[in-house]
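Trainee: Got a minute to go through a protein model with me? I'd like to start with one spot and work outwards.
Mentor: Sure, pull it up.

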Amino acid sequence: MSGAGKTVCVTGASGYIASWLVKFLLAKGYTVKASVRDLNDPKKTEHLLALDGAKERLHLFKANLLEEGSFDSAIDGCEGVFHTASPFYHAVTDPQAELLDPALKGTLNVLESCAKTPSVKRMVVTSSVAAVAYNRTPRTPDVVVDETWYSDAEFCRENKSWYLLSKTLADEASWKFAKEKGIDMVTINPAMVIGPLLQPTLNTSAEAILNLVNGAQTFANATFGWINVKDVANAHIQAFEIPSANGRYVLVERVYHHSQTVKTLRELYPSLQLPEKCADDKPYVPTYQVSKEKAKTLGIEFIPMEVSLKETVESLKEKGFF
């Protein structure tokens with residue numbers, strides 16, 4: 001019980017990664033102060049309150065990313081802060097209000113609260129591979145993406161890749177702020193996160209798998225990195241607990257074109273109706289490599305893609321999504 005007697009804060013605690021993070025922190029004996037947007041919404045609170053140890057050591061707080069000082073009371077008295085609250089959608093009508101402001105201002109608001117709380121020893125931020133791999137360097141099978149890569153905000157803006165832009169701007173601003181204020185910060189940069197869902201609502205990355213198994217006629221001509229949610233939650237805790245942890249940690253178990261994802265799903269579930277063809281007839285977007293070297297220093301052993309896909313499909317079934 002490495003967390004016994006220690007108090008930590010998790011922002012956006014009802015989210016996909018954060019729910020697993022809260023579960024693992026409670027299992028390790030931590031007292032967890034968790035922020036959610038609406039304390040009266042059972043979809044945001046019930047699954048957290050049902051976790052082992054929640055009755056004794058989980059305290060829920062209401063906080064809003066865009067409200068200055070909103071995280072002060074949740075962070076007060078905490079040794080560690082896990083900032084996972086940040087929106088992830090693809091279909092947006094107002095990118096500034098829906099993605100950019102919450103990601104950027106929200107992260108800075110949480111950093112502000114950390115800067116004025118003397119008990120905070122380290123902050124671990126859930127960033128994304130979106131802040132790492134999207135620049136003008138082509139990603140091809142012989143290219144290896146690692147933590148020294150940075151996404152290019154202008155490139156994201158030109159391509160109207162608003163989610164990528166939100167994560168890139170938040171990443172840049174938070175490192176600048178942390179250095180200025182002397183905050184010990186580590187970021188976890190996962191790719192598409194899949195695996196079992198604890199929360200009752202559908203999250204964007206699990207939805208990508210649901211779309212493939214739920215009667216789609218075609219698959220997108222797209223290539224993504226994939227990682228299991230349990231590895232991501234575990235990496236956050238290791239990044240807090242290991243004194244030498246520093247900088248950014250990219251988490252990708254496998255890079256797959258959607259055609260390969262479908263092929264693996266077909267091997268796992270021969271009876272499922274899976275899409276046969278690609279949505280366009282252009283050449284397939286190439287795959288690339290992502291270094292696991294730094295992530296392994298956190299003790300991450302990487303759950304294989306095949307296991308992650310199976311866990312995702314079983315969880316989606318169990319929750320009645322298809």
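Trainee: Where does Thr-117 lie?
Mentor: Thr-117 sits in the loop between α5 (95-115) and β5 (122-126). Keep in mind that this is a predicted model.

Trainee: Is Thr-117 buried or exposed?
Mentor: Buried. Its relative accessible area is 9%, and the cut-off for buried is under 20%.

Trainee: What is Thr-117 in contact with, leaving aside neighbours within four places in sequence?
Mentor: With those set aside, Thr-117 touches Ile-75, Asp-76 and Gly-77.

Trainee: OK, zooming out. How many helices and strands are there in the protein?
Mentor: You'll find 12 helices and 14 strands.

Trainee: What would the radius of gyration be for a compact globule with 322 residues, and what does the protein have?
Mentor: A compact globule of 322 residues would come out near 20 Å, and the protein has 19 Å, so the two agree. The C-alpha trace spans about 55 × 40 × 40 Å along its principal axes.

Trainee: And how much of the protein do buried residues make up?
Mentor: They account for 55% of the 322 residues. As for the outside, the accessible surface is about 14200 Å², with 51% of that belonging to carbon and sulfur atoms.

Trainee: Let's switch to sheets. In which order do the strands of the open sheet come?
Mentor: The order is β8-β10-β12, so to speak, with 3 strands and mixed pairing. β8 (192-194) and β12 (254-257) are at the edges with a single partner strand each, so one side of each has no neighbour in the sheet. On average, neighbouring strands here are turned by 40 degrees against each other, direction ignored.

Trainee: Which helix packs on that sheet?
Mentor: That's α9 (residues 229-241), which touches β8 and β10. The direction of α9 makes about 65 degrees with that of β10.

Trainee: How do β10 and β12 run, and how many bridges join them?
Mentor: They run antiparallel, and 4 bridges join them. If you want a landmark, look for Thr-223, which stands opposite His-257 in β12.

Trainee: What about helix α10, which of its residues are buried?
Mentor: In α10 (residues 258-268), the buried ones are His-258, Ser-259, Thr-261, Val-262, Thr-264 and Leu-265. Those residues pack against α8 (204-213), β9 (218-219), β10, β12 and α12 (305-318).

Trainee: Last topic: aromatics. How many aromatic pairs does a search of the whole structure find?
Mentor: It finds 5. Take Phe-219 and Tyr-284: their ring centres are 6.3 Å apart and their planes are at 70 degrees, so that pair is edge-to-face.

Trainee: Where in the chain are Phe-219 and Tyr-284?
Mentor: They're in distant parts, 65 residues apart: Phe-219 is in strand β9, while Tyr-284 is in the loop between β13 (277-278) and β14 (289-290). Phe-219 is buried at 5% relative accessible area, whereas Tyr-284 is partly exposed at 43%.

Trainee: Which kind of pair do Phe-224 and Trp-226 form?
Mentor: Edge-to-face, with 6.1 Å centre to centre and 80 degrees between the planes. Phe-224 is partly exposed, at 25% relative accessible area, but Trp-226 counts as buried at 1%.

Trainee: And which residues do ring pairs link into a cluster?
Mentor: Tyr-30, Phe-82 and Phe-240. Try finding those three in the viewer next.

Notes
Residues numbered from 1 in each chain as written. Predicted model: local features only at pLDDT ≥ 70, side-chain atom pairs only at ≥ 80, totals over all residues. Heavy atoms only, no water. Pairing = 2+ DSSP bridges. Helix = DSSP H or I, 4+ residues; strand = E, 2+ residues; numbered from the N terminus. Axes fitted to C-alpha atoms, helices over the stretch in contact; angles between N-to-C directions. Contact = heavy atoms within 4.5 Å. Buried < 20%, exposed > 50% of the residue type's maximum accessible area, 1.4 Å probe, protein only. Rg over C-alpha atoms; globule rule 2.2 N^0.38 Å. Areas by Shrake-Rupley, 256 points an atom, 1.4 Å probe, with all protein chains shown as cover. Phe/Tyr/Trp six-rings, centres within 6.5 Å; stacked < 30°, edge-to-face > 60°.
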